[in-house]
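Student: I have a structure open here and want to go through how its parts pack against each other. Can we start with the domains and then move on to the chains?

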Amino acid sequence: MIELRNVTRRFGTTTVLKDISLAAEEGSFLALLGPSGCGKSTLLRIIAGLDRPNSGEVILGGRDVRNLTAAERNVAMVFQSYALYPHLTVAQNIALPLAMRGRSRFERSLIGRWFPASREKQQEEIRRVREIADQLGIQPLLERKPSQLSGGQKQRVAVARALVREPSIFLLDEPLSNLDAKLRVQMRAEIVALNRRIGRTFVYVTHDQAEAMAMADKVAVMLDGRIAQFASPRELYETPVSMDVAAFVGLYPINFTKAADWTALPGGFRLPPGSLPQGKQVIIGIRPEHLFPDPEGPVRGKLVRMEYQGAEVLLDVRIDGGTLVKAVAPGDWQRAEARGDLRLSYLPRHLHVFAAGSGERLELARDGQHEDERATTCG
Amino acid sequence: MRLIDRTRAEALANLWLAGPATVAMLVLIFIPVSIVALLSFTDYQFGARSFNWVGFDNYLILIKDPQARRAITNTIVYAAIVIPLSILFGLLVALGLHSVMRYAPRLSAVLRAAYFLPVAATLVAMAVVWQMLLHPNLGLVNHLLAAADIRGPAWLSDRGLVLYTLAVIGIWQTVGYNMVLFLAGLAAIPEHLYDAAEIDGANRGWERFWTVTWPMLGPTTLFVVVVTATGAFRVFETVATLTRGGPAFASDVLVYAIYREGFVYFKAGYSSAITMVFFVFVLLFTLAKFRLMESRVHYR
Amino acid sequence: MNSRNLIGRAIVLALLFLGAMLVLTPFFWMLSLSFKSQAEIFSPTISLFPDQLQWDNYRAAFERTTLLRFLVNGLVVCGGILFFQILFALPCAYALAQRRFRGRSLIFGLVLAGLLVPFHVTAIPIFLGLAELRLLNTYGALILPFVASVFGIFLFRQAISAMPVELFEAARIDGLSEGAIAWRIALPLAMPAATAFAIFSVVAHWNDLFWPLIAISDPALAPPPRGILYFRDEESGTDVGPLMAAAVVIVAPMVVAFLLAQRRFIQGLAVGGLKG
């Protein structure tokens with residue numbers, strides 16, 4: 001269980017975290033998603049106890065941890081650079097947190113380590129290290145130094161070091177960003193599986209929305225030191241609370257088109273009548289994957305460019321009114337010429353409407369009947 | 001429940017980490033420097049129960065008394081000889097070794113070790129050896145000169161000669177050090193600059209030296225100058241071993257004067273004044289060095 | 001490769017050899033004299049190589065002086081100085097490099113300012129202080145004044161600053177105390193800097209004459225350079241063979257160490273140029 005209440009952090013005159021509040025349930029997988037500089041890493045370091053908020057509370061497992069050091073909070077952290085100790089072997093790297101916890105200062109000292117009590121604990125540590133190494137498939141690497149490992153192996157060792165002392169919370173700071181694309185996808189699945197298996201709370205910092213969407217139970221989208229939206233991946237995608245969130249989430253950048261009035265949308269977009277108050281300036285957002293070629297479609301434009309990607313075809317279309325939008329066609333979509341008139345269609349429920357000034361989402365007063373129909377051709 | 005909160009614990013950790021060194025620095029460097037500065041205006045003698053403030057008297061003696069002044073002038077003359085020559089030789093040797101490195105790297109390394117040997121060797125012991133080499137009757141140097149029918153002088157007891165003899169030993173000891181710094185500077189010059197110079201028509205050795213090597217060595221050279229200068233102003237071991245500032249103050253230098261006046265004659269006040277003069281000289285060079293370093297090293 | 005180039009190379013090599021010979025002459029001569037008998041040294045003919053290799057001078061050097069004692073003193077003093085220097089400098093450097101606290105820039109300012117002060121400047125007050133504490137003529141007098149090495153702090157700080165912050169954060173999460181981080185993480189990783197500093201420090205203090213000349217008058221405490229002067233002054237320059245043998249013995253540790261680890265040695269001493 002993690003709970004943050006009104007956490008604020010300033011460095012000098014700049015406020016990097018503004019009044020952050022969120023909660024994660026025991027055993028859940030929470031992602032902090034945002035562009036670099038949004039404060040997500042600072043927030044993670046505050047949870048870890050490596051940094052302290054100027055105000056606000058951090059509550060871990062039901063108790064206020066303000067006066068606990070990082071070590072006392074019983075958190076584990078996997079760093080972007082892995083932060084393995086270069087002068088220690090893999091086995092020593094994994095065993096170090098155990099030794100620091102399990103043995104007294106005397107039992108770790110040059111003399112004390114030869115005493116029976118300490119010897120026993122060392123045996124136990126070795127056993128634990130082997131067990132963890134087995135689980136993660138790094139048994140053959142135990143005697144190597146970090147410099148002799150590949151990126152993926154380092155990653156596993158870093159996870160092993162975090163795992164070995166059975167922390168109550170797992171913090172991961174962009175742990176996959178130094179891996180190649182293929183390995184990243186594989187490690188994603190392994191980390192999620194780990195979360196399910198050990199049932200501890202995971203907090204995962206990333207700037208990659210695909211990672212956050214794929215892995216997390218709940219995602220906190222952080223923009224400019226605030227939590228812009230805290231929701232499940234599906235909610236984020238389907239009902240982003242603002243233009244910024246909508247722009248940040250999703251594989252392809254969302255299309256925005258401005259409209260003076262909902263009745264005068266560009267290019268043939270339409271909103272159900274009466275769904276918005278009259279005379280309000282709005283911005284329409286629609287994701288490229290929700291905009292597809294349809295000879296009968298209501299949106300008219302000119303094809304400017306197409307990009308064949310195998311599974312799908314990316315289209316750049318200049319719609320009437322001049323706005324350039326992206327649309328996605330299925331991979332087998334064919335067309336003789338790469339230019340010329342093109343009609344596009346969409347489902348009304350895929351339209352996002354934002355207030356032009358604040359960028360906030362506007363809820364449409366929908367009557368369900370339009371939901372599953374295609375927008376009817378207009379004029 | 002913890003007894004102290006984290007702010008307190010962090011502060012304690014900082015105190016524990018940085019405190020001892022800070023106290024040691026204050027006690028062993030900064031407080032002594034201020035005491036020296038104060039003492040230089042007194043007539044304090046080691047062992048005396050009291051002292052008087054004498055204003056600038058100590059400094060005036062140092063400037064006015066011809067004998068006392070020799071410590072300053074000798075140091076400057078010594079430095080004026082050692083600095084340019086040890087740098088020149090250091091550069092020449094470095095250039096030579098750098099070119100040899102291309103076709104005979106092992107040989108180059110052996111020669112480099114030979115030139116560097118005096119830097120590592122205990123100077124006092126080597127000074128004793130120099131004393132034997134320069135012995136008026138038995139020394140190797142005068143033996144060799146005699147073989148060429150030249151009557152060798154008394155290198156270390158001739159008033160006119162002694163300072164130059166010491167300077168030669170100083171150069172002997174410093175060349176290797178400067179060579180190493182220049183070698184590092186040479187190694188840092190990218191090869192393609194020479195290719196470019198060759199395309200531009202500078203294909204003779206000395207042309208390449210003036211168009212590429214020398215300008216590229218600029219920062220190194222400045223650095224070597226200040227390092228050599230600080231070293232030269234601290235000359236002490238050879239003087240203390242070979243001449244004790246004699247004969248008749250002909251080889252007296254600042255650091256030796258500090259030692260003699262302070263710890264042989266126990267004139268702590270006067271010695272402090274000499275110390276301050278020495279300090280000012282070294283300070284100027286070291287500040288110059290820091291300025292140079294700032295353009296190369298980045299402090300966080 | 002044309003002939004002009006070859007001649008150029010030959011000239012350069014010849015000059016370099018000549019220079020090296022000149023530089024090495026004192027070393028050759030020292031060795032040569034150390035093996036010659038009294039009679040041969042004072043004979044009017046000179047030869048680089050002794051008539052016969054004889055170790056009498058070395059035996060004499062060890063028997064007639066406390067040469068061994070000088071070496072042990074040198075070891076104790078250099079070892080003691082280095083031990084305390086690192087003991088003080090490393091934790092401070094770690095704090096300066098990887099921790100944020102009030103007074104940090106002030107302390108670093110002190111370190112930089114301290115680099116400007118040669119030891120000679122502080123000699124008089126330190127002498128007074130040691131006299132006050134009745135520590136003159138002890139090992140303490142030879143070690144204590146050097147324990148605060150601003151240069152050491154500076155070097156270690158530069159090295160530790162260059163290490164990734166995450167490493168130290170990982171260590172904090174793993175439960176290491178700040179002291180443990182300094183000694184168990186920062187020191188092993190700062191080994192190159194530590195080696196350079198150790199070489200610089202040991203060479204400087206093994207070779208130092210100024211302070212031993214001031215701080216001690218008991219020959220039993222003399223480090224090698226001070227010791228060889230006692231020897232020379234007693235023998236008033238007549239017993240050249242044993243004196244040269246003693247010089248060889250005193251010079252040998254540093255020279256041998258240098259020849260064995262040239263690269264590190266040169267690095268260590270070159271880095272010493274940063275010190276005022």
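Tutor: Fine. Bear in mind that this is a predicted model. Chain C is divided into domain 1, residues 3-54, and domain 2, residues 61-274.

Student: How far apart are the C-alpha centres of domain 1 and domain 2 of chain C?

Tutor: The two centres in chain C lie 34 Å apart.

Student: And how many residues of each domain are in contact with the other?

Tutor: Eight residues of domain 1 of chain C are in contact with nine residues of domain 2 of chain C.

Student: What area is buried between those two domains of chain C?

Tutor: About 670 Å² is buried between domain 1 and domain 2 of chain C, and carbon and sulfur atoms give 79% of that area.

Student: How many salt bridges are there between domain 1 and domain 2 of chain C?

Tutor: The count of salt bridges between these domains of chain C is zero. For residue pairs in polar contact, with both residues at pLDDT 80 or more, the count between domain 1 and domain 2 of chain C is also zero.

Student: Which elements supply the domain 1 side in chain C?

Tutor: In chain C, α1 (3-35) and α2 (38-42) each supply at least two residues of the side of domain 1 that touches domain 2. α1(C) gives the most, with five residues. By class, that side of domain 1 of chain C has six nonpolar residues, two polar ones and no charged ones.

Student: OK, on to the chains. How many residues are in contact between chain B and chain C?

Tutor: On the chain B side there are 88 residues, in contact with 93 residues of chain C.

Student: What about the area buried there, between chain B and chain C?

Tutor: Between chain B and chain C about 7900 Å² is buried, with 78% of it from carbon and sulfur atoms.

Student: How many salt bridges does the count give between chain B and chain C?

Tutor: Two salt bridges are counted between chain B and chain C. Asp233(C) forms a salt bridge with Arg244(B), with the closest N and O atoms 3.3 Å apart.

Student: And how many residue pairs are in polar contact across the interface of chain B and chain C?

Tutor: There are 13 such pairs across the interface of chain B and chain C, both residues being at pLDDT 80 or more.

Student: Which helix gives the most to the side of chain B that touches chain C?

Tutor: Helix α1 of chain B, residues 6-39, gives the most to that side, with 19 residues.

Student: How do the residues on that side of chain B divide by class?

Tutor: The side of chain B that touches chain C has 68 nonpolar, 13 polar and seven charged residues.

Note on methods. Residues are numbered from 1 along each chain as its sequence is written. Chains are lettered from A and ligands numbered from 1 in the order in which they are written. This is a predicted model: local features need pLDDT of at least 70, side-chain atom pairs count only at pLDDT 80 or more; totals for chains, interfaces and linings use all residues. Side-chain values use heavy atoms; hydrogens and water are left out. Domain bounds come from an automatic or database domain assignment. Contact means heavy atoms within 4.5 Å. Buried area is the accessible area (1.4 Å probe) that two parts lose on being put together, summed over both. A salt bridge is a side-chain nitrogen of Lys or Arg within 4 Å of a carboxyl oxygen of Asp or Glu. A polar contact is a pair of N or O atoms within 3.5 Å; within protein, one must be able to donate a hydrogen and the other to accept it, and residues adjacent in sequence count only if both atoms are side-chain atoms. Helices (H or I, at least four residues) and strands (E, at least two) are DSSP runs, numbered from the N terminus. Ala, Val, Leu, Ile, Met, Phe, Trp, Tyr, Cys and Pro count as nonpolar, Asp, Glu, Lys and Arg as charged, and the others, Gly among them, as polar.
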